[in-house]
Amino acid sequence: MLRNPGQNETEALLRNWLTAVDTDWETVGDFQNIAGQVRLSDIPAIAARSDVFWINAQPERELMDEVQGQILAGSLNDSQTGPSGPGYLDWLASLGFSQNPADYPIVDITDDGIGDGTLDSGDPTLHELGDAANASRLAYIDNCTAAANGGGPDGHGHINVSIAGGYDGRTGAPYQDADGFLRGLGINPYGRFAGTRIFTDIFDLSACGNSDQELIQRTQDNGALISSNSWGCGGCAGSYDTSSQAYDMGVRDADPDEPGNQPVTFIFAAGNDGPYSGTVGTPGNGKNVITVGASETYRPTWIDGCNVSPFGADNVKDIIYFSSRGPAPGLRAKPELVAPGTHIQGTASTNADYNGSGVCDQFYPAGQTTFAASSGTSHSTPAVAGAASLYYYWLDNHYGFHSPSPALMKAYFIAHPAYLTGVSANDTLPSYNQGYGMPDMSLAFDDTPRYMLDETAVLDRTGQTWSYSSAVADPTKPVRIVMAYTDEPGLVGTSPQVNDLNLTVDWNDETYWGNHFSGAWSVAGWLADAKNNYEAVFLPLGTSGNFTVTVTAYTIAGDGLPGNDDMTDQDFALVCYNCSSDADFDLKAAPAEQTICTPDEAIYDVTVNELLGFSESVTLSASSIFTSSFSVNPIVADGQSQLTIGSTGGAAPGEHEVGITAVSPSTTHTTTVKLTLYDGLPESAALLTPVNGETAVSLTPTLTWQNSAQAELYYLEIAPEPDFITPIITATVQGTQYSIPSMLNALTTYYWRLRTQNACGEGDYSPTYTFTTELKACASPLLPVPDGFNEGITSEIAVSEMVTLSDLNIWLDISHTWVGDLTLLLEHVDTGTQVTLIDRPGVPDSVYGCYSDDIYATLDDNADDLVENVCNLTGAALSGVLKPMESLSAFNRELWSGTWRLSVIDAVVPDSGTLNNWCLLPTYTTPDLTYHIYLPLTID
């Protein structure tokens with residue numbers, strides 16, 4: 001309810017209506033909240049009170065290795081699907097991180113307890129340098145439950161503190177996996193950690209006043225500055241509730257009884273109710289907390305006890321299906337971040353009563369009792385908390401922010417992301433699936449110049465602005481600018497936005513508004529974000545020159561900075577990555593590449609652009625085997641000169657480099673351009689594939705040819721007749737192959753030829769080749785397959801060729817998690833013949849069938865393996881050539897022409913997917929089209 005002069009009357013009435021009080025009145029800014037039990041019949045009268053804003057049922061709250069560290073460090077393999085190899089500890093050491101726990105903030109793992117409930121914990125990985133003889137790195141163990149101590153018999157909290165900060169340098173089994181990664185190495189193995197127990201077999205704050213606010217205050221009073229929370233109320237996801245409100249307040253001031261503000265960075269798990277939208281639970285759907293979803297790790301070797309298969313841990317660019325999605329109430333983007341959350345390893349609880357009920361695998365691998373494994377956003381969250389500990393240290397020791405605010409912590413995370421491009425990703429930021437992406441600590445700790453501000457600028461009226469002028473420090477890197485602010489807690493049960501700050505960046509005569517993206521990069525154009533209290537502008541590598549950052553107070557309606565006399569104000573944090581604050585210049589030369597015919601000259605435009613008022617004179621020089629001269633030299637910024645390259649006639653044909661250097665009294669910059677020389681006409685092209693006269697060629701063939709001497713470009717023509725009067729495709733190609741972009745007609749003869757070109761002119765045409773296409777029909781519908789929808793979806797292919805089928809195969813390309821949900825039917829609509837291709841593979845031997853993902857297979861009656869008996873653990877679940885459930889011979893002797901319909905049915909929630917492509921692959925005979933004329937027989 002709203003706090004007001006007449007609140008005593010409402011409070012007195014509520015005392016009569018409440019049959020039990022669970023949590024007494026708690027003050028949150030301008031509001032106060034109470035939790036208890038009332039009769040259903042009294043709810044209308046309570047709701048009628050003018051100062052009562054919100055009434056809601058309160059569902060129960062629930063709990064939600066080096067591999068993980070290397071992924072977050074951005075140390076990935078060539079395919080970007082998994083980590084490149086061990087070495088996380090060495091990487092941290094190379095960056096100079098302190099090994100003294102006292103140099104780090106305390107991170108409280110607020111969960112179901114740690115180890116045996118003592119600071120020793122029984123787990124050596126929680127001691128300094130992983131040695132039980134050294135001091136424990138646990139600062140405290142608190143207990144808000146009715147249990148005897150803060151120990152962790154279920155193991156959820158213990159594996160999470162291991163994920164956040166375990167130190168394990170032990171080698172061999174079981175401490176290292178088969179690839180040499182340390183199972184017990186956490187994200188910050190040097191930091192300080194703690195635990196507050198809030199779960200027994202249920203959520204229990206009985207020793208903390210049954211109050212979110214008291215739990216928050218206890219966390220801060222115990223000395224924690226970062227709090228990791230792998231719990232929440234998934235059933236509350238649709239609303240901004242009192243818990244969200246309390247934690248939004250706690251981020252700014254965790255202890256209102258102390259003078260001033262006591263900020264804490266609270267990190268929450270998004271929840272495990274995906275892939276459905278709007279499933280981020282409370283209090284993780286709050287505005288000011290950092291909310292974490294789950295991506296995949298790389299351990300595709302087992303099915304864990306939570307039924308996450310190898311396909312759920314085979315690509316670090318994928319979002320795992322169970323990760324809860326936004327939007328949050330008010331259509332806000334949540335989560336802000338994702339981190340690996342599948343097949344995560346850490347130490348098993350050392351509690352004497354450890355039962356493993358809080359993890360997926362009580363012990364993994366088999367035959368040892370040191371390590372457990374688990375999956376969930378519960379385990380991506382402490383990874384981010386461990387990274388937050390490292391970020392806090394970095395901001396303090398490298399940039400002088402001795403107590404970085406939660407807003408700066410959030411902005412720093414958002415400004416250093418790895419954009420995910422796999423399953424349920426590759427979307428527009430900030431997305432409801434990945435937020436801004438996965439933390440990239442290699443980016444966060446690099447030496448690229450940054451400008452940062454931490455709540456030292458305050459906007460106290462609508463329309464007020466703050467501006468900062470900067471320049472791109474390194475054009476070979478992207479520019480990322482993030483603004484975040486800790487907003488006043490909002491009204492429960494509504495869209496919780498109060499104040500609205502907007503971020504804009506003016507660059508290159510364009511304005512970029514915060515959170516206006518296409519894919520991974522910002523796009524220019526007006527589109528203000530009135531929903532989120534964090535906004536970003538990301539400009540890709542190649543960006544150069546000056547720009548201006550502006551933060552505008554679009555709406556100041558509340559007290560964003562409590563504790564002063566101004567009731568309408570808002571401060572903010574800002575991180576500008578790859579941003580220079582020093583006067584300088586950048587050097588450009590265009591074109592970057594050029595071709596000429598010798599002995600012609602080559603001319604390049606060289607530009608020196610001032611950055612932040614640079615005014616020095618710049619002297620230009622060029623290095624190459626050629627002669628060179630500048631039209632203006634020296635020049636001043638912003639100035640331009642033409643570089644002329646001469647004496648090219650004596651150089652060998654091919655590619656050459658020209659280095660350009662610009663020197664001023666204070667700095668030097670260099671750039672390189674390319675020059676390719678030709679000294680005669682190119683030879684004609686020799687065609688390779690399809691070979692001349694080839695038949696049964698793919699409808700989307702790739703044409704190839706030999707590289708011709710001195711050929712720069714190839715002019716390609718494809719036509720249905722030999723005179724090429726009406727070509728269907730013309731293209732100028734650089735290289736020796738060309739893929740037909742769209743399907744050609746089936747059973748059709750085509751003609752193709754090439755003419756070579758370079759800067760000296762055109763060569764002769766090649767001989768003309770022919771090819772005849774195969775008989776095949778395909779569709780690329782990209783149709784979503786509705787989840788648990790028994791009517792399914794259909795895709796049709798219309799065929800016109802009049803041939804008779806003697807055999808038919810089907811090619812399928814379907815992206816779908818858990819293919820055991822799928823049934824596929826093929827029907828020749830004109831004849832009514834229907835065949836079941838796939839019928840929930842693995843069922844009924846297994847209740848839910850094949851648990852692996854995707855179909856990329858050809859169905860052929862002559863295959864050895866029946867589709868029902870296949871469920872691959874790597875690659876696509878159904879792949880290669882497989883025998884369908886029912887024989888495709890049912891279509892033999894039918895005409896190929898007509899309409900063919902494929903139906904795809906998903907019988908079970910929660911997995912879904914997409915019908916990408918499918919093809920009909922016939923073997924045929926030409927029908928007998930001989931006509932017999934029967935004349936009357938006349939008998940004379």
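This passage walks through the overall build, the disulfides, the aromatic contacts and the empty spaces of one protein chain.

The model is a predicted one. Its protein chain folds into ten helices and 54 strands. Measured out along its principal axes, the C-alpha trace would fill a box of about 120 × 95 × 60 Å. Of the 940 residues in the chain, 57% are buried.

Next come the disulfides. The count comes to seven disulfides, and three of them are worth a walk-through here. To start, Cys144 and Cys208 are joined with their sulfur atoms 1.9 Å apart. The torsion about the S-S bond of this pair is about -65 degrees, so the disulfide is left-handed. What does the link of Cys144 and Cys208 bring together? It connects distant parts of the chain, 64 residues apart. Cys144 belongs to the loop between strand S5 (138-143) and helix H5 (156-165), while Cys208 belongs to the loop between strand S6 (192-197) and helix H6 (212-221). Both Cys144 and Cys208 are buried.

The disulfide of Cys778 and Cys919 also has its sulfur atoms 1.9 Å apart. Here the angle about the S-S bond is 110 degrees, and the link is right-handed. Cys778 is found in strand S45 (residues 777-779) and Cys919 in strand S54 (residues 913-925), so this pair ties together parts that are 141 residues apart in sequence. Are Cys778 and Cys919 buried or exposed? Both of them are buried.

Then there is the disulfide of Cys850 and Cys871, with its sulfur atoms 2.1 Å apart. This link is right-handed, with 80 degrees about the S-S bond. Its two ends are 21 residues apart. Cys850 sits in the loop between strand S50 (833-839) and strand S51 (855-859), and Cys871 sits in the loop between S51 and strand S52 (878-882). The two cysteines also part ways in how much of them shows. Cys850 has a relative accessibility of 3%, so it counts as buried. Cys871, in turn, has 28% relative accessibility and therefore counts as partly exposed.

Now for the aromatic rings. A pair of aromatic rings is described by how far apart the centres are and by the angle of the planes. How many aromatic pairs does the structure hold? There are 38 aromatic pairs. In one of them, Tyr175 meets Phe371 edge-to-face, at 6.1 Å centre to centre and with 80 degrees between the planes. Tyr175 lies in the loop between H5 and S6, and Phe371 in strand S13 (residues 371-374), so the pair ties together parts that are 196 residues apart in sequence. Phe371 counts as buried because its relative accessibility is 0%. Trp507 and Tyr512 make another aromatic pair, and this one is tilted: the centres are 6.3 Å apart and the planes make 45 degrees. Trp507 is buried, with a relative accessible area of 14%, and Tyr512 counts as buried too, at 10% relative accessibility.

Some rings gather in a bigger group. Tyr88, Trp91, Phe97, Tyr104, Tyr391, Tyr393, Trp394, Tyr412, Phe413 and Phe445 form one aromatic cluster. Rings also pair up with charges in this chain. The charged end of Arg480 sits over the ring of Phe538, 5.1 Å from the ring centre. Likewise, Arg753 has its charged end over the ring of Tyr765, 3.9 Å from the ring centre.

Finally, there are the empty spaces. The largest cavity holds about 50 Å³ of space. Which residues line the largest cavity? They are Lys287, Arg332, Tyr485, Asp487, Gln497, Asn499, Asp500, Ala530, Lys531, Asn532 and Asn533. Sorted by class, this lining has two nonpolar, four polar and five charged residues. In the second largest pocket, there is about 640 Å³ of space. Its lining is made up of 30 residues, and Val423, Ser424, His816, Thr817 and Ser912 lie nearest its centre. Strand S48 (804-816) and S54 are the elements that give two or more residues to this lining. By class, the lining of the second largest pocket has eleven nonpolar, twelve polar and seven charged residues. Strand S54 thus turns up in two places: it carries Cys919 of a disulfide, and it helps line the second largest pocket.

Notes. Residues numbered from 1 in each chain as written. Predicted model: local features only at pLDDT ≥ 70, side-chain atom pairs only at ≥ 80, totals over all residues. Heavy atoms only, no water. Disulfide = S-S within 2.5 Å. Helix = DSSP H or I, 4+ residues; strand = E, 2+ residues; numbered from the N terminus. Buried < 20%, exposed > 50% of the residue type's maximum accessible area, 1.4 Å probe, protein only. Phe/Tyr/Trp six-rings, centres within 6.5 Å; stacked < 30°, edge-to-face > 60°. Lys NZ or Arg CZ within 6 Å of the ring centre and 35° of its normal. 1 Å grid on protein atoms, 1.4 Å probe; cavity = no way out; pocket = protein on both sides within 12 Å on 5 of 7 lines; lining within 4 Å. Points joined across faces, edges and corners; volume = space filled by probe spheres on them. Nonpolar A, V, L, I, M, F, W, Y, C, P; charged D, E, K, R; others polar.
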